Amino acid sequence: MAKRISLTRYLVEQQRVDGLIPGQLRLLLEVVARACKSISHAVNKGALGGVLGSAESENVQGEVQKKLDIIANEVLIEANEWGGHLAGMASEEMDGIYVVPNRYPQGEYLLLFDPLDGSSNIDVNVSIGTIFSVLKMPEDDRGVDAGDFLQKGSQQVAAGYCVYGPQTTLVLTVGDGVAMFTLDREQGSFVLTQEKVRIPADTKEFAINMSNMRHWDEPVKRYIDECLQGKEGPRGKDFNMRWIASMVADVHRIMTRGGIFMYPWDKREPNKPGKLRLMYEANPMAWLVEQAGGAATNGKQRILDIEPTQLHERVSVILGSKNEVERVTSYH
Ligand code: P6P
């Protein structure tokens with residue numbers, strides 16, 4: 001069996017090779033990985049850990065919080081606040097930003113995360129995950145505030161997710177391609193299991209919540225309708241559909257075998273640009289997908305070029321196999 005390379009060794013060697021991972025960023029990524037390991041253990045306990053079900057509270061999005069949403073958020077905050085590598089954090093589960101307390105040294109990075117995405121799947125034992133994005137504090141800065149987080153996705157210095165499924169897999173980019181690490185529970189460490197991940201440019205698999213079809217805009221209806229017509233239709237081939245309703249799991253399938261994922265704008269709430277959040281869901285996933293040779297747009301422009309105006313702003317998401325994303329975008 002090929003020699004197993006740990007996450008730590010991979011990051012150290014990458015740091016030596018291309019300097020894309022300064023020491024503080026390597027520390028940040030290792031701390032986040034350790035936090036994901038703790039979250040994985042909590043998730044895997046399920047009913048035995050008394051962690052299922054609702055926390056009887058709502059987050060800033062007005063969504064009912066699951067106990068594990070809050071646990072995962074606390075794990076990430078507590079793991080990262082003391083290390084001296086961060087100036088602040090932002091989370092789907094917190095209204096405002098979290099400034100590293102004065103009793104700890106301040107670092108130059110900003111960490112944004114959805115601590116447990118897909119939490120409606122927790123109680124039914126379907127894969128869920130953590131999504132994270134890393135930005136740098138603006139140079140001339142005198143103290144972190146919410147405005148420092150409002151940077152385009154193209155400014156990210158690291159992005160990744162950890163999917164808690166049959167395996168616990170950490171997927172990471174620092175701008176030099178995408179690597180995947182599988183949690184070795186016997187060693188208690190993440191081990192490199194794939195690098196230079198590539199998404200095929202074409203696919204026969206689309207992921208969208210079909211129950212919203214009557215609310216979609218015409219370009220999305222046209223694209224899906226053509227897929228449904230199969231071999232006899234304009235696409236000349238049959239398509240398959242998947243919808244796990246856990247973005248991390250749907251995106252991981254696409255990172256692994258291609259496909260197109262869509263959560264487009266729809267007429268249900270016309271003032272909302274989409275359901276998914278730009279800063280800590282769409283931006284990290286868009287960078288990972290592009291780093292693996294795929295594409296990610298909001299139907300009209302590259303997601304990574306969107307200038308954010310609010311921490312929790314939402315966006316329409318079309319991402320995955322490059323040729324399919326370009327086709328849908330051309331229909332808009
Ligand atoms: P729907 C999970 O709540 C999430 O934010 C994404 O992970 C997922 O892709 C989407 O919402 C599912 O939404 O409307 O199909 O339940």
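## Ligand site and overall fold

Student: Where does the ligand sit in this predicted model?

Tutor: The model is predicted. Pockets are found over the protein atoms alone. The space that the ligand takes is the largest pocket.

Student: Which residues are around the ligand, and how many of them are nonpolar?

Tutor: The shell consists of D117, G118, N209, W243, A245, S246, M247, F261, Y263, K275, L276 and E281. Sorted by class, it has 3 charged residues, 3 polar residues and, as nonpolar members, 6.

Student: Which side-chain atoms of D117 lie 2.6 Å from the ligand, and what ligand atom do they face?

Tutor: The cut-off for a polar contact is 3.5 Å between N or O atoms. An N or O atom in the D117 side chain is 2.6 Å from the ligand, and its partner there is an oxygen atom.

Student: How far from a ligand oxygen atom is the polar side-chain atom of K275?

Tutor: M247 uses a polar backbone atom, 2.7 Å from an oxygen atom of the ligand. K275 instead offers a polar side-chain atom, and its distance to a ligand oxygen atom is 3.0 Å.

Student: What share of the ligand's exposed area does the protein bury?

Tutor: Taken alone, the ligand exposes 400 Å². Of that area, the protein buries 83%.

Student: Why is the chain called as compact as a globular protein of its length?

Tutor: The chain has 8 helices and 17 strands. For 332 residues the globule rule gives 20 Å, and the chain counts as that compact because its radius of gyration is close to this, at 19 Å.

Methods: Residues numbered from 1 in each chain as written. Predicted model: local features only at pLDDT ≥ 70, side-chain atom pairs only at ≥ 80, totals over all residues. Heavy atoms only, no water. Near = heavy atom within 4 Å. Polar contact = N/O pair within 3.5 Å; in protein donor to acceptor, adjacent residues only side chain to side chain. Areas by Shrake-Rupley, 256 points an atom, 1.4 Å probe, with all protein chains shown as cover. 1 Å grid on protein atoms, 1.4 Å probe; cavity = no way out; pocket = protein on both sides within 12 Å on 5 of 7 lines; lining within 4 Å. Sits in = over half its atoms within 2 Å of the grid points. Nonpolar A, V, L, I, M, F, W, Y, C, P; charged D, E, K, R; others polar. Helix = DSSP H or I, 4+ residues; strand = E, 2+ residues; numbered from the N terminus. Rg over C-alpha atoms; globule rule 2.2 N^0.38 Å.
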